[in-house]
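Visitor: Could you walk me through this one? I'd like to hear how each label is earned.

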Amino acid sequence: GYVHDMAGIVHDLLFEFQTYFGPQTYFVHGIHVLPLTGATTFLLSRDWVAKSFPTFNKSCDADNFCMGSGFITFAHAQYALLDKDESWDRVLS
């Protein structure tokens, strides 16, 4: 069966854990944060973020492309929903 908590691409009868950008975990997690707007705090539940963020962050930390491409921005934004002050400190470091 399907072992992931989310899908990157959903077809009629198939879930794929990848995106059109690529198969990296941070792409799948990051695309669920988009678009970043003032409504993001209403669209992403704290429980979902608490469950999703550790996987997102770990996959991004392990891949220099995530850092260089800007996808780390979405991890910081997601983490800000859990702890805005620590997230801001991470952005500045």
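Guide: Sure, starting with a definition: a polar contact is a pair of N or O atoms within 3.5 Å; within protein, one must be able to donate a hydrogen and the other to accept it, and residues adjacent in sequence count only if both atoms are side-chain atoms. The backbone oxygen of Phe 56 lies 2.9 Å from a polar atom of the Ser 59 side chain.

Visitor: And what am I looking at, before we go on?

Guide: This is a predicted model, where local features need pLDDT of at least 70 and side-chain atom pairs count only at pLDDT 80 or more, while totals for chains, interfaces and linings use all residues. Residues are numbered from 1 along each chain as its sequence is written, and side-chain values use heavy atoms, with hydrogens and water left out.

Visitor: What makes up the secondary structure of the chain?

Guide: Six helices and two strands, in the order β-β-α-α-α-α-α-α along the sequence. Helices (H or I, at least four residues) and strands (E, at least two) are DSSP runs, numbered from the N terminus.

Visitor: How do you know what radius of gyration a compact globule with 93 residues would have?

Guide: The rule is 2.2 Å times the number of residues to the power 0.38, with the radius taken over C-alpha atoms. For 93 residues that gives a value near 12 Å, and the chain's 13 Å agrees. Along the principal axes, the C-alpha atoms fill a box of roughly 40 × 30 × 20 Å.

Visitor: Why is Ser 59 called buried?

Guide: Buried means under 20% relative accessible area, exposed over 50%, and partly exposed in between (1.4 Å probe, protein chains only). Ser 59 has 16%, so it counts as buried. This serine lies in helix α3, residues 46-61. Leaving out residues up to four places away in sequence, Ser 59 touches Thr 25 and Tyr 26, where contact means heavy atoms within 4.5 Å.

Visitor: Is Ser 87 buried or exposed, and what makes it so?

Guide: Its relative accessibility is 3%, so Ser 87 counts as buried. Ser 87 lies in helix α6 and touches His 76, Tyr 79 and Ala 80, again not counting residues up to four places away in sequence.

Visitor: Which residues of helix α5 are buried?

Guide: In α5 (residues 72-80), they are Ile 72, Phe 74, Ala 75, His 76, Gln 78 and Tyr 79. Their cover includes α1 (25-31), α3, α4 (64-69) and α6 (84-92). Over the chain, 32% of the 93 residues count as buried.

Visitor: Why does Phe 21 count as exposed?

Guide: Phe 21 has 51% relative accessibility, so the label is exposed. You'll find Phe 21 in the loop between β2 (15-16) and α1. Neighbours within four places in sequence aside, Phe 21 is in contact with Phe 27, Ile 31 and Phe 71.

Visitor: What about Asp 61, buried or exposed?

Guide: At 51% relative accessibility, Asp 61 counts as exposed. Asp 61 lies in helix α3, and its C-alpha atom is separated by 15 Å from that of Ala 77, 16 residues apart along the chain.

Visitor: Which peptide bond is cis, and what is its omega?

Guide: The one from Leu 34 to Pro 35, with omega near -10°. Pro 35 sits in the loop between α1 and α2 (40-43).
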